[in-house]
Structure formats: C-alpha cells, structure tokens
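Colleague: I am new to this structure and would like to learn how to read it. Could you walk me through a few features?

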Amino acid sequence: MTREQVAEFSIEYVQALDEEANLDEAVAPDLDDEQLLEFYRLMRLARRLDERAVALQRRGELGTYAPGVGQEAAQVGSATALAPEEWLVPSFREGAALLARGAPIHRLLWYSMGMEEGAEVDGANFPPSIPVGSQPLHATGIGWGKEIAGEEEAAMVYFGDGATSQGDVYEAMNVAGALDAHVVFLCQNNQWAISTPRASQTRAGTIAQKAVAAGIEGVQVDGNDPLGVHAVTRDALESARGGDPVLVEALTYRRSMHTTSDDPRVYRTEEEEAEWEARDPIARFERYLRAEGLLDDERIADIAEEVEGAIADEIDRAKEGQKRVVPAEMFDYVYAEPTSELRRQKAEFERETGGGETTTPEEGSSGDERAGGGEVSGRGE
Amino acid sequence: MANEIRMVEAIQQALDEEMARDESVLVYGEDVGVSGGVFRATKELRESYPDRVYDTPLAESAILGLGVGLGATGYTPVTEIQFASFAYQGFHQLVQHATRLRSRTRGTLGVPMTVRTPYGGGIRALELHSESFEAGYAHVPGLKTVVPSNAADAKGLLTSAVRDPDPVMFLEPTSRYRASREAVPEGEHTVPLGEAEVVREGADVTVVAWGAMLAETLSAVGRGDADVDAEVIDLRTVSPMDSETVLDSVRKTGRCVVVHEAPRTAGLAAEIIARINDDALYYLEAPVERVTGYDVPFPLFAREDAYRPDAERIRRGIERALSA
Ligand SMILES: Cc1ncc(C[n+]2csc(CCOP(=O)(O)OP(=O)(O)O)c2C)c(N)n1
C-alpha cells in the first residue's frame with residue numbers, strides 16, 4: 001500500500017492598513033494623494049447614500065433596500081482596481097462599487113423605486129443580480145470571451161459568503177479555471193446570509209480555499225482595509241487578464257440589516273455589532289489620512305457637505321423621474337422586436353387604461369389587498 | 001372552535017400540529033430556524049422541535065435534492081424555498097428526481113416532500129420576488145400543486161400536503177399572508193387536495209380563480225352590477241385539477257371567466273378552457289374569457305399594479321363574457 005500526500009494548500013491573508021491605521025509599505029498600493037482622497041470621498045458617499053435610502057424606505061418612498069454599511073472598503077477598494085472598460089458584475093449590495101464606477105445615484109434610487117429605468121446599463125456594469133450566486137457564471141462568460149478574443153481584459157464579479165453555497169458559484173470558478181477565463185471572483189464575506197452565519201454556511205475554514213478545488217488561486221484580504229483590498233484585487237486582475245482566474249475573499253461585516261425588511265436583532269448580538277463598529281472601514285481610513293496630513297476636520301466637513309448636496313440633487317432627480325413612469329413600457333423590451341401577441345396585449349392594455357398615461361407608483365397602488373400586502377413587505381425580504 | 005388568525009399564522013399552526021402528530025416531519029430551509037423564516041411562517045418551531053427544524057446553507061438545489069434522499073428513506077421533508085423564484089435553482093431536482101422516483105422505481109420508493117414557498121405580487125417586493133409559476137409546476141407529472149387563497153384553506157391544505165405520499169408544491173400568496181384575520185378551525189383540519197370549492201353560488205357566469213386572485217375576484221363580483229349573479233370557484237389545487245366542479249358550474253351558467261396573475265400564454269386558463277371545450281362546449285353561450293397577467297417579465301413594483309389583474313379588470317372580463 002502506498003500513502004503519500006498528493007496535494008497541500010495554504011491561503012494567504014493580506015492587510016495593508018491595520019486596525020490601528022498603520023500602513024504596511026510592502027503591501028500598500030502606489031496611489032497618489034488625490035486617489036486616496038477619492039477613495040475616502042466614495043466611501044463617505046456610499047455610506048451617506050445608504051443612510052438616506054434607508055430613511056426614504058422608512059417613509060415609504062423607496063422599496064426594499066439592501067444597504068452596504070461596513071462594506072465600503074471592500075467595494076471601493078476593489079472596484080477602483082478594475083479598468084473602466086472592464087465589466088463589473090454585481091450582486092445586489094454593490095452600491096459603493098457602482099458609485100466607484102460612476103453609476104448615477106438616481107439610477108440606483110430608481111431601481112429601489114421599482115423602476116426598470118434603474119437597471120439600464122451605461123458603461124460596463126451588469127444590472128444587479130437578485131438570485132443569489134447565479135451571476136458569477138456571467139462574469140466567467142465575459143472573461144472566457146476575452147480569452148477567446150485574445151484581449152487582455154478581465155471581468156470582476158461580486159457575491160456574498162452565502163452565495164458560495166450555490167452550485168453555480170463553484171461551477172463558475174471551475175469552468176473559469178478550465179477555460180482560462182479572465183475573471184476575478186470577489187467574495188465579500190460579510191459574515192451573514194440573512195440570519196445564517198458564515199460558520200453554518202460551510203465547514204471550510206476560509207471561503208478563499210474554495211478556489212483550491214477549482215484549481216484556481218484563492219486569497220483572503222482584510223475587507224475593511226481599502227488599501228489592502230485594492231492591492232490584492234489589482235494583482236488578481238493582473239493575473240486574470242492573462243487567463244489565470246482568482247478568488248478574492250474580502251473579510252468584512254454587514255453592519256446594518258440585511259435589507260430594510262430585516263431585523264438583525266432576531267439572530268445576532270449587540271456585542272458582535274459593537275465589535276465590528278470598532279473596525280469600521282471609513283473610520284480606519286480617515287485615521288490614516290489624518291495622520292498623513294491629507295484630512296483635517298475642515299476637509300472632512302467639506303467632503304460631507306459636498307456629498308450631502310450631490311445626494312440631495314440626485315434624490316430630487318429620482319423623484320422627478322418617478323413621476324414620469326409609463327406603465328405601458330413594460331411591453332416594450334421583452335423582445336428586440338415585439339411579437340404580434342405582445343402588440344395585441346399592449347393595445348388591449350392601453351385601451352383599458354386609457355393610453356397607459358403617467359401614473360406614479362403611489363397613485364398606481366390602491367385597494368385593501370395592497371394595504372394588507374404592505375404589512376407583509378415589512379416582514380418579507 | 002375557530003380562531004381569528006392570519007394566513008401566515010395558519011400555516012405556522014399546520015406545521016406545528018403536523019410536527020406534533022408525526023415525528024417523521026422535518027422542517028428545513030434558508031433562515032427557517034433561528035429567525036423563523038423571512039415571513040415568520042416557521043416561527044417558534046425550532047424551540048418546540050429543536051432536532052427537527054434546520055437552517056440550511058443557501059442552496060435551493062441542495063434543499064430540494066436532500067428532500068429526495070430524506071423522503072425516500074423515512075422522513076417527511078417540509079421545506080421552505082424563501083421565494084418562489086428561487087425554486088428554479090432546484091427545479092431540476094424536482095423535475096428529474098423528486099417527481100419521478102415513484103414511477104422510476106415502480107412504486108417502491110416515493111418522495112413525500114412538501115415544498116412551501118411564497119409567490120405572487122402585490123407587496124412591492126424586489127425584482128424576481130413576485131412571479132406566479134403554477135403553470136410550470138402543473139406541467140410536471142408526479143407533482144401536486146396547491147395554492148390556498150385564505151387562512152383556513154392554507155391550514156387544511158397544508159396539512160393534507162404534509163400527509164400526502166407524493167411531492168407537493170405549496171404556493172403561498174404573499175399578498176394574503178397578513179391581509180386579514182379569518183376564522184381558522186383549531187386542531188385537526190384538513191382540506192383534500194384536488195378539490196375545488198364553490199365559494200359563491202351564482203347563475204349567470206362562472207369565475208374561476210385561485211390564490212391571491214380570489215380576493216380580487218370576490219371584490220369584483222361584490223362591487224359589480226347587482227344583476228350579475230356570478231358563481232365563483234376557488235380552484236385551490238391547480239394540479240391535479242378538479243375540472244368537474246368547474247364543468248358543472250359552466251354547464252349551469254353557460255359563461256366562464258378564468259383569472260390568473262401569471263402570464264397569459266400557456267397559463268392555466270388555457271388548460272381550463274381546453275377542458276371546457278372537451279366536456280362542456282355545447283353548454284357555452286359565449287367564448288370563455290381570461291383575465292391574466294401579460295406576457296412580460298413581472299415588472300418591478302412601480303409597474304406591478306399595471307401588470308396584475310385587479311377587481312376592475314376582472315369586472316371587465318365578466319362584462320365581456322356576459323355581453324357576448
Ligand atoms: C437563489 C436565491 N435564494 C434565496 C434568495 C433570498 N436571499 C436574498 S439575499 C440572501 C442572503 C445572501 O447572503 P450572501 O450571499 O452572504 O450576501 P449578503 O446578503 O450577505 O450580502 C438570501 C437567502 C435569493 N435572493 N436568491
């Protein structure tokens with residue numbers, strides 16, 4: 001009988017900026033002051049947008065919303081490493097990543113206002129993926145296309161720790177490895193999938209090691225450290241552009257509720273939340289930038305004010321657009337060329353509703369059915 | 001004795017009572033344990049049955065596939081798929097295995113699994129949280145598909161589903177979960193699968209609906225012209241379908257309207273109309289009307305009211321059936 005070890009693996013953990021905001025020069029990416037400040041501004045923008053969006057949802061002006069509070073560094077750090085023309089394939093919590101890619105705020109709001117207008121694509125951003133874990137295959141498809149075309153570009157896909165339980169996620173990584181797809185898999189391990197903690201999701205010690213079975217590289221990074229995330233993602237993208245896909249696990253924490261319909265007090269402790277509040281990515285980065293002399297109270301106040309104004313303008317713009325929703329447009333984009341049956345149905349709809357004239361969602365919803373339902377949405381996802 | 005409770009509570013009650021009655025019943029799915037499910041339908045079950053209620057990893061294919069193994073070997077799996085649109089992630093397990101094991105093994109193995117899942121629109125939910133796919137399930141041989149419209153039926157039908165030896169897809173209308181408090185029998189309450197109910201008798205026209213559309217239908221005929229004497233049928237189980245109850249009614253009224261939230265093309269209205277053509281054509285005084293969703297992906301919520309049939313559209317359908 002022969003027994004010998006035929007495989008072994010290890011997973012690296014990377015951090016550039018530690019919890020005390022000390023920088024490891026060997027790991028830190030080479031960024032100029034302007035870029036560093038831009039990271040900071042984007043993180044503040046994302047945080048503030050989340051706060052405003054949750055408040056709007058509470059007032060009934062937005063639908064269910066998934067805030068990314070606590071995950072700003074994981075998203076801004078990684079999305080900024082992707083070239084603008086390279087595709088970003090998000091999950092449903094990637095507000096900060098999309099802001100970093102220049103996505104207009106009113107679009108993000110429109111999506112949460114239940115308007116398809118919000119998922120229109122300009123630039124290389126896929127629309128959000130609501131089914132968990134189904135979208136990594138799309139990024140692998142994009143990245144395989146790059147390999148076939150011989151182009152040195154990559155795609156990057158975001159998903160959560162919960163998503164890694166889905167077969168599709170493993171299929172995406174395995175196929176990417178087999179076909180040399182130019183893709184980076186960016187898992188934001190925020191510790192929770194709704195009420196299910198990471199430890200109940202998988203017995204694997206790290207998410208990053210899930211790459212091993214697919215034969216691709218896996219690496220873990222402190223997801224609350226924007227500089228570490230940026231450095232690791234930048235390297236991963238470099239590798240992916242040459243046909244070697246990488247799984248990056250960004251260790252972070254979802255500090256707020258899963259969505260505005262969720263109540264985290266049912267399943268987690270305040271101590272845990274407090275522990276992660278102390279590791280907040282924005283606070284850590286701010287501390288570093290102050291120490292570097294790039295930020296002081298005055299600059300911070302300026303940035304806050306600028307962010308506030310930009311969001312206020314965009315909320316106004318979103319509300320304006322909301323007033324112009326044309327219901328009959330639901331028929332217009334089902335096929336490139338509408339079928340005769342769809343044309344018939346659209347005509348019937350317009351006849352019955354008087355031409356599909358403008359209604360706001362508020363005007364559109366009425367009746368006790370919905371009143372009852374509204375309560376449900378308070379409990380649903 | 002009856003209690004005034006909501007549909008979601010009636011569902012919880014059925015699960016609780018069936019778990020108490022039958023030790024083989026196992027409840028599992030995403031977030032069903034500690035948090036009691038995102039709609040709280042499995043609330044407190046874990047406290048009562050700590051070894052029989054499980055939170056699973058986020059994997060629908062696993063949830064349904066596990067049910068095949070558990071079900072074939074002595075358990076009675078009652079799973080929750082968090083939202084109906086994510087049952088697609090495990091659809092192949094249903095179609096390729098769960099529903100075929102009995103015929104493949106000439107009856108020696110079966111899968112007594114019940115798959116509970118919220119479906120349908122009307123609650124301003126996220127994208128892909130509002131679909132009505134009952135026709136897709138009805139197209140799968142070996143599967144029973146149940147859609148309760150009220151709290152008492154939800155309890156009675158779910159109890160029957162859990163006791164059924166074959167796989168049952170149990171579609172719960174989210175917009176009805178907390179819509180009203182209704183009288184629900186306490187203790188043992190079963191409603192047989194495969195039997196429709198005439199919920200309102202009438203002579204002029206038959207209206208067939210199920211799930212969330214039943215309330216819309218009742219409000220349509222309630223508010224309609226006084227001289228419209230509509231008979232309303234709640235199909236309750238869409239597969240196997242109780243066409244006899246529908247046919248008897250159509251033979252009486254001579255007119256029929258079928259209402260569903262799902263898209264029109266290849267929806268269940270088409271099947272019901274085909275059965276009427278087969279067995280009651282000569283009783284018809286007008287073509288059968290259908291009031292349905294459109295052949296478009298279920299829109300985000302700013303447009304969902306435009307998509308979903310409501311009392312107004314149902315009333316127009318009835319008027320068309322009466323005027324032809
Ligand atoms: C296929 C599928 N199953 C279930 C859901 C319901 N759901 C939405 S988010 C979520 C948890 C996702 O957890 P994770 O992947 O860790 O991402 P996070 O929400 O933490 O960002 C679940 C179960 C869904 N959207 N899609």
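Modeller: Happily; we will go through salt bridges, aromatic pairs and surface patches in turn. This is a predicted model, so to speak, from a program: local features need pLDDT of at least 70, side-chain atom pairs count only at pLDDT 80 or more, and totals for chains, interfaces and linings use all residues. Residues are numbered from 1 along each chain as its sequence is written, chains are lettered from A and ligands numbered from 1 in the order in which they are written, and side-chain values use heavy atoms, with hydrogens and water left out.

Colleague: How many salt bridges are there over all chains?

Modeller: The general idea is that side chains of opposite charge can pair when their charged atoms come close. The cut-off here is a side-chain nitrogen of Lys or Arg within 4 Å of a carboxyl oxygen of Asp or Glu. Over all chains, the search finds 57 salt bridges. One of them joins A:Lys146 to A:Glu153, with 3.0 Å between the closest N and O atoms.

Colleague: Is A:Lys146 buried or exposed?

Modeller: Buried means under 20% relative accessible area, exposed over 50%, and partly exposed in between, with a 1.4 Å probe and protein chains only. A:Lys146 has a relative accessible area of 14%, so A:Lys146 is buried. Now take the salt bridge of A:Asp297 with A:Arg290, where the closest N and O atoms are 2.8 Å apart. A:Asp297 counts as exposed at 54%, while A:Arg290 is partly exposed at 36%. A:Glu320 and A:Lys323 also meet in a salt bridge, 3.0 Å from N to O. A:Glu320 is partly exposed at 38%, and so is A:Lys323 at 46%.

Colleague: Which residues do salt bridges with shared partners join into one network?

Modeller: That network holds A:Glu352, B:Glu289, B:Glu312, B:Arg315, B:Arg316 and B:Arg320.

Colleague: What about aromatic pairs: how many does the search find?

Modeller: Rings of Phe, Tyr and Trp (its six-membered ring) pair if their centres lie within 6.5 Å; planes under 30 degrees apart count as stacked, over 60 as edge-to-face and the rest as tilted. The whole structure has 16 such pairs over all chains. A:Trp192 and A:Tyr267 make a tilted one, 5.2 Å centre to centre with 45° between the planes. A:Trp192 lies in strand E5 and A:Tyr267 in the loop between strand E8 and helix H10 of chain A, so the pair ties together parts that are 75 residues apart in sequence. For the elements, helices (H or I, at least four residues) and strands (E, at least two) are DSSP runs, numbered from the N terminus. Both A:Trp192 and A:Tyr267 are buried.

Colleague: Which residues do ring pairs link into a cluster?

Modeller: The cluster consists of A:Phe331, A:Phe349, B:Tyr294, B:Phe298 and B:Tyr307. B:Phe298 and B:Tyr307 have ring centres 4.8 Å apart and planes at 55°, so this pair is tilted. B:Phe298 and B:Tyr307 are both buried.

Colleague: Which residues form the nonpolar patch on the surface?

Modeller: Patches are made of residues with over 30% relative accessible area and no salt bridge; like charges are joined within 9 Å, and nonpolar side chains (Val, Leu, Ile, Met, Phe, Trp, Tyr) within 5 Å. Here A:Trp144, A:Ile148, A:Val175 and A:Leu179 form the nonpolar patch, with about 350 Å² of accessible area together. A:Ile148, in helix H5 of chain A, counts as exposed at 60%.

Methods
Areas by Shrake-Rupley, 256 points an atom, 1.4 Å probe, with all protein chains shown as cover.
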